[in-house]
Amino acid sequence: MLAVRRAQDRGYFDHGWLKTYHTFSFADYHDPKFMGFRSLRVINEDRVSPGRGFPTHAHADMEILSYVLEGGLAHQDSLGNGSVIRPGELQRMSAGTGVRHSEANASAEEIVHFLQIWILPERRGLAPSYEQSEFKLAAAPGRWVLMASSAGKEGALRIHQDVELSGAVIEPAQSLAYELEAGRHAWIQVARGEVSVDDVHLNAGDGLAASDLTAIEIEAHQPSEILLFDLS
């Protein structure tokens, strides 16, 4: 079974300095039909103006991933971490028992465009932790790159949940298959480009939920970047 979440149907807010799309219910946006998918709770597509950002605020009991598409995202947290996340890099912050952090555009001239992703943890009360790494998807087009998993295997970041996050860059006319084990589910998010998933046409910003399938076939119609969440 395939279910599509179209980009234009997402929640949208223009705060001046922040333009944000919400795939699932978030903050002041509530849609009872889109409260998340399995343990995947939030996919926000954010564009933050130069020199602006989210001031220091608190989170608890959530796996928070940031994936930058354009620009640089400056991160600071109460664990003592400070970094700039660049395109192709993924950051994972386990909020656990509580962490305070800020995120801001690292540039005074260009916007930062990124995906903010929240995943429900396997249990509450985990110790807060942080990881960041670069995954050069464009260096290996047409191939899945494992970026995060519960075991942190193959150089992937560790998510405290039964989830595997893979990314891929696909060139026009390339196709890429993904096999799902019995009882598993997938969410595909098109970060940029245009693809077909089992004859369902998807554009940038579109999402697709897949259940009760053993394999997924993705074909690109233009240079595309996609994220795939393999969920229990």
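## Glu45 and its surroundings

E45 sits in strand β4, which covers residues 40-48. The model is a predicted one. With a relative accessible area of 8%, E45 is buried, because buried means under 20% relative accessible area.

The side chain of E45 takes part in polar contacts with other side chains. One of them, at 2.9 Å, is with the side chain of R10. Another, at 2.7 Å, joins the side chain of E45 to that of H113. If neighbours within four places in sequence are left aside, the residues in contact with E45 are R10, K19, T20, Y21, H113, F114, L115 and G205. R10 and H113 thus appear in this list as well as in the polar contacts, R10 at 2.9 Å and H113 at 2.7 Å.

## The cavity beside Glu45

How many cavities of 30 Å³ or more are there? The count comes to 1. The largest cavity holds about 30 Å³ of space.

Its lining is made up of R10, E45, L69, L115, Q189, V190, A191 and G205. E45 is therefore a lining residue of the largest cavity as well as a buried residue, at 8% relative accessible area. R10, L115 and G205 also line the cavity, and these residues are among the contacts of E45. Strand β17 gives the largest share of the lining, 3 residues.

## The sheet of 7 strands

Strand β4, the strand of E45, belongs to an open sheet of 7 strands. The order of the strands is β2-β3-β4-β11-β6-β9-β12, and they pair in the antiparallel sense. At the edges are β2, residues 11-14, and β12, residues 129-134, each of which pairs on one side only. On average, neighbouring strands in this sheet are turned by 15 degrees against each other, with direction ignored.

Within this sheet, β6 (residues 63-70) runs antiparallel to β9, and 5 bridges join the two. At one position of this pairing, E63 stands opposite S94 in β9. L69, one of the residues that line the largest cavity, falls within the range of β6, residues 63-70.

## The sheet of 4 strands

A further open sheet has 4 strands in the order β5-β10-β7-β8, again with antiparallel pairing. Its edge strands are β5 (53-59) and β8 (82-85), and each of these pairs on one side only. Neighbouring strands here are turned against each other by 20 degrees on average, direction ignored.

Strands β7 (residues 73-77) and β10 (residues 99-105) run antiparallel and are joined by 5 bridges. D77 has H101 in β10 as its bridge partner.

## Ala95, between β9 and β10

Where is A95 placed? The residue lies in the loop between β9 (89-94) and β10. This loop runs between a strand of the 7-strand sheet, β9, and a strand of the 4-strand sheet, β10.

Is A95 buried or exposed? A95 has 0% relative accessibility, so it counts as buried. Not counting residues up to four places away in sequence, A95 touches H59, A60, D61, M62 and P128. H59 falls in the range of the edge strand β5, 53-59. From A95 to A210 the separation is 115 residues in sequence, and 28 Å in space from C-alpha to C-alpha.

## Strand β13

Strand β13 covers residues 145-149, and 5 of its 5 residues are buried, so the strand is largely enclosed by the rest of the structure. What does β13 pair with? With β15 (residues 163-170) it runs antiparallel and shares 4 bridges; in this pairing L146 stands opposite S166. With β14 (residues 157-158) the pairing is parallel, over 2 bridges. Here A148 stands opposite L157.

## The loop between β17 and β18

D198 lies in the loop between β17 (185-197) and β18 (200-203), and D199 lies in the loop between these strands too. Most residues other than glycine have a negative phi. D198, although not a glycine, has a positive phi of about 50 degrees. D199 is not a glycine either, and its phi is positive at about 75 degrees.

How exposed are these residues? D198 counts as partly exposed because its relative accessibility is 30%. D199 is exposed, with a relative accessible area of 78%.

Note on methods: Residues numbered from 1 in each chain as written. Predicted model: local features only at pLDDT ≥ 70, side-chain atom pairs only at ≥ 80, totals over all residues. Heavy atoms only, no water. Pairing = 2+ DSSP bridges. Axes fitted to C-alpha atoms, helices over the stretch in contact; angles between N-to-C directions. Buried < 20%, exposed > 50% of the residue type's maximum accessible area, 1.4 Å probe, protein only. Contact = heavy atoms within 4.5 Å. Polar contact = N/O pair within 3.5 Å; in protein donor to acceptor, adjacent residues only side chain to side chain. 1 Å grid on protein atoms, 1.4 Å probe; cavity = no way out; pocket = protein on both sides within 12 Å on 5 of 7 lines; lining within 4 Å. Points joined across faces, edges and corners; volume = space filled by probe spheres on them.
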